[in-house]
Each structure stands twice: as structure tokens, then as C-alpha cells.
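Me: Please examine the interior of the following model, with attention to its cavities and its nonpolar packing.

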Amino acid sequence: MSGDSAELTLTIGPPANGGSCVARHEGRVVFVRYALPGETVRARVTSDRGSYWTADTVEVLEPSADRLDSLCPIAGVDGAGCCDMAFATPEAVRGLKGAVVANQLARLGGYHWCDESEATAEPVGDGRATGWRTRVRLDTTADGRAGFHRFHSAELITDLRCAQLPDGMLDGIDAQTWPPGAHLHVVLDDDGRRHVVQSGPRVGRKATTRVVEGDYEAVQRVCDRTWRVPATAFWQAHRDATTLYSDLVADWAQLDTGQTAWDLYGGAGVFAAVLARAVGETGRVVTVDTSRGSSRAARAALADLDWVSVVTDSVRRGLAAQPDRADVAVLDPPRTGAGREVIDLLAAAGVPRVVHIGCEAASFARDIGLYRGHGYTVERLRVFDAFPLTHHVECVALLTRG
């Protein structure tokens with residue numbers, strides 16, 4: 001049988017990292033999207049990778065009890081890639097995410113978190129699956145319409161009714177014509193104001209940025225502090241995630257007055273703020289990020305905290321420049337994780353306590369394995385469903401070394 005475009009009848013097995021489930025056809029592994037464990041489906045092969053195929057479900061022959069009508073009207077096999085798990089109950093999706101993290105930790109990190117059958121991700125905030133997102137980026141078609149990408153495709157879907165978004169967040173965006181190749185950044189901030197910023201298209205080495213509505217910076221509040229963060233910069237997408245993670249970092253850091261903390265991949269310095277409060281004026285906090293926009297937001301928001309240093313540089317160079325060891329390091333790297341070089345530097349610096357956050361299960365598990373190779377012990381680990389309706393997950397671990 002040829003690969004691409006073949007249609008197969010498959011019995012679906014356990015979840016895999018990335019939103020697929022595992023099935024087998026004549027001994028070959030098939031990663032099937034839009035399917036749930038235990039289902040029988042008809043699936044169309046989308047790629048032949050030699051040792052395995054990938055496929056999309058085109059018909060469900062025997063559905064799981066966890067399947068429901070899609071909660072997102074634009075997602076699915078022939079739709080947008082925004083809400084790739086919108087066809088399952090939120091409770092079931094949290095279980096699948098937990099199982100994937102447990103599997104990746106065992107395989108890539110050599111660490112047993114819990115049995116896959118018992119693993120689950122925790123809800124964030126009120127746990128609602130829809131209307132949780134406060135920041136979104138859209139791209140534009142050749143004829144100037146805004147849209148969401150299909151899964152792993154340059155093609156855009158110009159129906160903007162993504163279920164992750166609060167009602168009204170994209171009102172009027174589809175009525176405008178935008179420059180082809182532009183990116184649209186839409187933010188609902190903590191004052192309830194909408195900000196629309198167009199970046200690009202790039203012409204040669206120059207890319208324009210234009211404020212279409214609101215301001216370039218959005219107001220964000222965490223605890224008793226206010227940030228003004230560029231619409232184009234990183235901020236947690238889930239409206240309740242930033243406060244949740246800040247509280248967790250404060251609890252797990254266990255800092256005392258006068259100690260030193262590193263906030264690595266620190267963005268706008270949200271974690272630096274809670275670390276600074278813990279160490280007090282006699283302590284020291286260093287927050288490091290490559291983004292100039294995020295660093296500017298951090299300097300402005302933390303200007304009254306003289307014991308906080310904001311460094312705009314790579315984490316590797318920022319670590320190498322530190323004269324003293326930190327008592328605690330907090331890391332919130334991008335999806336690719338921190339990686340060997342950074343974790344080697346942390347271990348060489350003798351940091352005894354690390355709070356590590358990861359938004360991709362395999363990268364997070366690999367990093368946990370790297371820490372363990374340096375003698376760190378996983379003391380606490382929690383998994384959050386910070387991206388409902390999707391396969392994405394947020395993991396937080398506390399690691400210690402005597």
C-alpha cells in the first residue's frame with residue numbers, strides 16, 4: 001500500500017506527544033490525529049515518514065464515550081489547527097495530557113511521575129475550556145484577510161470564531177483588508193481594553209509596526225504590581241496562568257531575606273517581582289531575557305526595586321557573567337526547553353534549588369533528565385491544562401541538590 005492519501009481502518013491506542021494517538025497497520029506505527037484511545041476510525045494517511053505514517057481521522061466508526069461535538073466551530077481535519085482537541089470532553093483531554101507527560105518523563109527523563117492511567121493535568125482558573133485566551137496572533141492571506149493556520153500549514157482559515165477567544169475579541173478584524181504577509185497581534189488587557197498591533201510585512205531588512213487600535217503596550221496586573229507589555233511581546237495567554245505560576249514560584253522558591261535568585265528567560269520580570277519580595281532589599285535578583293521589549297517592560301515595572309537587575313542577553317551569557325551563586329533559579333524557557341548547555345551551567349554554578357517551567361512535554365522531560373544527571377532530585381511536579389482545547393500543556397518542577 002502506498003503512503004500519502006491512503007485510507008485505513010484503525011483501532012486507536014494510547015495518546016502520543018503532539019496531539020496524536022498511536023495505532024498500528026500491518027506492523028507499522030500510525031500517528032492519528034483527531035482520534036481518541038479505544039476508537040475505531042477511518043483515517044487518511046497524510047505523510048509517510050518511512051518507519052511510521054501520520055494520518056487524520058475522516059470518519060469515526062466506533063466513538064469513545066469521551067467524544068463530543070467540537071467545541072470550536074473552525075477547528076478540525078479540514079479547518080484551523082487552533083483547537084486540535086476540541087472534539088473531546090475537557091476532563092478526558094486533561095487525562096490524555098497527563099498521560100503524555102508521564103510517558104515522556106519516563107522515556108526521556110528516566111523519571112517516574114505517576115502511572116499513565118492515573119496521570120492528569122490540573123485545570124487553570126475556573127477550568128472553562130472556552131474563552132480563556134487574552135492574546136492571539138493572526139497572519140494574513142495574499143488577498144489581505146486575517147486568519148488562523150491549518151495544522152502545520154501555511155494555508156490560512158479566515159473564519160475567526162476560535163473557541164479559545166472571549167466573545168468580541170476579534171470583532172471587525174475580518175472586515176478589514178490587511179497587508180499580505182503582516183502579523184496581527186490582538187490583546188485584551190487587564191483593564192478590558194483591546195489593542196491591535198500590526199507587525200510587518202518585512203521589506204528587505206525593515207519591518208514596520210503599526211498600532212491599529214488601542215496602544216502598543218497592554219496593561220497587565222499581577223498581585224499588586226502593574227506591567228505595560230508590548231502587544232508583540234510574550235505574556236501568558238491564559239488569563240489566570242500568570243498569577244497561578246507566580247504564586248507557585250513564590251511558594252516553591254522558599255527564599256529568605258538577603259538571598260540571591262535568578263529569573264532566567266524572565267520575560268517582563270513577573271517572577272522577578274515575587275522573588276524580589278522574598279529576598280528583600282538586602283537580597284539580589286537577576287532577570288535575564290533576550291527580548292528588548294520584554295526587558296523594557298521589566299525595567300519599568302520593577303523600577304522601584306533597586307536590588308533587581310534586568311539583563312537583556314542570552315541566558316547562557318547572562319549566567320556566565322554572574323559573579324556569585326544563586327540560592328534559587330527559576331527557568332521558563334521557550335518550547336525548545338533550556339537544554340544541556342544551560343543546565344550544565346546551572347549545575348556548575350552549584351545552584352541548590354531550581355523551579356523549572358516547560359510548555360512542551362518532550363523538551364521538559366529531556367531537561368528533567370539532564371538535571372537528574374547532575375544529581376538533582378525532583379521534589380515536586382505539577383502539570384497544568386493551561387491551553388484548553390489543545391494538546392499543549394504547562395509543567396512545573398521543583399528540583400533540589402544538596
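Me: What is the volume of the largest cavity?
Reply: The model is predicted, so local features need pLDDT of at least 70 and side-chain atom pairs pLDDT 80 or more, while totals for chains, interfaces and linings use all residues. Residues are numbered from 1 along each chain as its sequence is written, and side-chain values use heavy atoms, without hydrogens and water. A cavity is a set of points on a 1 Å grid over the protein atoms alone where a 1.4 Å probe fits but cannot get out, and lining residues have an atom within 4 Å of a point. With volume taken as the space filled by probe spheres set on the points, joined across faces, edges and corners, the largest cavity has about 190 Å³.

Me: Which helix gives the most residues to the lining of the largest cavity?
Reply: Helices are DSSP runs of H or I with at least four residues, and strands are runs of E with at least two, numbered from the N terminus. β2 (20-25) and α1 (90-109) each supply at least two lining residues. The most, five residues, come from α1.

Me: Which element gives the most to the largest nonpolar core?
Reply: Such a core joins buried (under 20% relative accessible area, 1.4 Å probe, protein chains only) Ala, Val, Leu, Ile, Met, Phe, Trp, Tyr and Cys residues through side-chain atoms within 4.5 Å. Of its 41 residues, W227 is one of those that touch the most other members. Elements supplying at least two residues each include β14 (225-230) and α3 (270-279). With eight residues, the greatest contributor is α3.

How values were computed: Buried < 20%, exposed > 50% of the residue type's maximum accessible area, 1.4 Å probe, protein only. 1 Å grid on protein atoms, 1.4 Å probe; cavity = no way out; pocket = protein on both sides within 12 Å on 5 of 7 lines; lining within 4 Å.
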